[in-house]
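I opened my notebook for this one and wrote down what I looked up, one entry at a time. Feel free to follow along in the viewer.

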Amino acid sequence: MMKIAVPTRGEKIDDHFGQCNFFSVYEIIDGKIESKTQMDSPQGCGCKSNLTQLLNEQGVTKMLAGNMGDGALNKLTNAGIEVIRGCKGNPDEVMKAYLAGFLIDSGIGCESHLHHHEHGHNHEHSCNH
């Protein structure tokens, strides 16, 4: 079993990790989505909150995110949570693409967000695939 968190705003992956409304948390068993729950986003989400502790308590080991700064990335990585940045679109569709092996980390942080999308990587459900 594996748990994957996705920062979400409405029906889309939030482009700004630290401003998401909630996290969609997927439980994956045998490569398939077993369940999906919603975890409220703590105040000061990102590198200045207790988010990594909350995610660890939930058993989350991966995060599919739109964008985040180096502080949040380092904090999550140091807590044992692998981060795949550059994701965009509907969380369920992105999760399916991830499970099918189509997603890789974009390597792009918040400072490069606009530049990244100017070069044709603005797919509806992508993480630079």
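**Entry 1: S41**

I began with S41, which counts as buried because its relative accessibility is 19% and the cut-off for buried is under 20%. I should say right away that I am working from a predicted model. I found S41 in the loop between β4 (32–40) and α1 (51–58). Which residues does S41 touch, leaving aside those up to four places away in sequence? I listed C20, N21, F22 and F23. I also noted a polar contact here: the side chain of S41 reaches the backbone oxygen of C20 at 3.4 Å.

**Entry 2: Overall layout**

Next I stepped back to the whole chain. I counted 4 helices and 6 strands in the protein. Read from the N terminus, the order of elements is β-β-β-β-α-β-α-β-α-α. Of the 129 residues, 44% are buried. I then took the contacts with a separation of 6 or more, and 51% of them join residues 24 or more positions apart. For the surface I wrote down about 6600 Å² exposed, with carbon and sulfur atoms supplying 47% of it.

**Entry 3: Confidence**

I checked pLDDT before going further. The average for the protein is 82, and 79% of the residues score at least 70. Where does pLDDT stay under 50? I found that stretch at residues 111–126, for which the model has 26 contacts beyond four places in sequence. Where pLDDT is low, the predicted coordinates should not be read in detail. I therefore left the contacts of residues 111–126, where pLDDT stays under 50, without closer reading.

**Entry 4: Salt bridges**

Side chains of opposite charge can pair when their charged atoms come close. I looked up such pairs and got a count of 6 salt bridges. I took notes on several of them.

How far apart are the closest N and O atoms of D15 and K88? I read 3.8 Å for this salt bridge; the cut-off is 4 Å. D15 sits in the loop between β2 (12–13) and β3 (22–29), while K88 sits in the loop between β6 (82–84) and α3 (91–99), so the pair ties together parts 73 residues apart in sequence. D15 counts as partly exposed because its relative accessibility is 24%. K88 is partly exposed too, with a relative accessible area of 21%.

I then went to K36 and D92, a salt bridge whose closest N and O atoms are 3.0 Å apart. K36 belongs to strand β4 and D92 to helix α3, so this pair ties together parts that are 56 residues apart in sequence. For K36 I noted a relative accessible area of 45%, which makes it partly exposed. D92 is partly exposed at 27%.

The next pair I noted was K96 with E93, where the closest N and O atoms of the salt bridge are 3.6 Å apart. Both residues lie in helix α3, 3 residues apart, or about one turn of the helix. K96 counts as partly exposed at 48% relative accessibility, and E93 is partly exposed with a relative accessible area of 36%.

**Entry 5: Helix α3**

Having met α3 in these pairs, I looked at the helix itself. Which residues of α3 are buried? My list reads P91, V94, M95, A97 and Y98. Seen down the axis of α3, these buried residues fall within an arc of 160°, so they line one face of the helix. I asked what covers them, and the cover includes β1 (2–9), β2, β3, β4, β5 (60–64) and β6.

I looked at the ends as well. At the N-terminal end, N90 caps α3, with a side-chain oxygen 2.8 Å from the backbone nitrogen of D92. Just after α3, G101 takes a positive phi of about 85°.

**Entry 6: Q19**

My last lookup was Q19, in the loop between β2 and β3. Q19 is partly exposed, with a relative accessible area of 49%. Leaving out residues up to four places away in sequence, Q19 touches R9 and D14. The C-alpha atoms of Q19 and R9 are separated by 8.4 Å, and the two residues are 10 apart along the chain.

Notes:
Residues are numbered from 1 along each chain as its sequence is written. This is a predicted model: local features need pLDDT of at least 70, side-chain atom pairs count only at pLDDT 80 or more; totals for chains, interfaces and linings use all residues. Side-chain values use heavy atoms; hydrogens and water are left out. Helices (H or I, at least four residues) and strands (E, at least two) are DSSP runs, numbered from the N terminus. Buried means under 20% relative accessible area, exposed over 50%, partly exposed in between (1.4 Å probe, protein chains only). Contact means heavy atoms within 4.5 Å. Accessible areas come from the Shrake-Rupley method with a 1.4 Å probe; for residues, only the protein chains shown count as cover. A polar contact is a pair of N or O atoms within 3.5 Å; within protein, one must be able to donate a hydrogen and the other to accept it, and residues adjacent in sequence count only if both atoms are side-chain atoms. pLDDT is the predictor's confidence in each residue, from 0 to 100. A salt bridge is a side-chain nitrogen of Lys or Arg within 4 Å of a carboxyl oxygen of Asp or Glu. The arc is that of the directions from the helix axis to the C-beta atoms.
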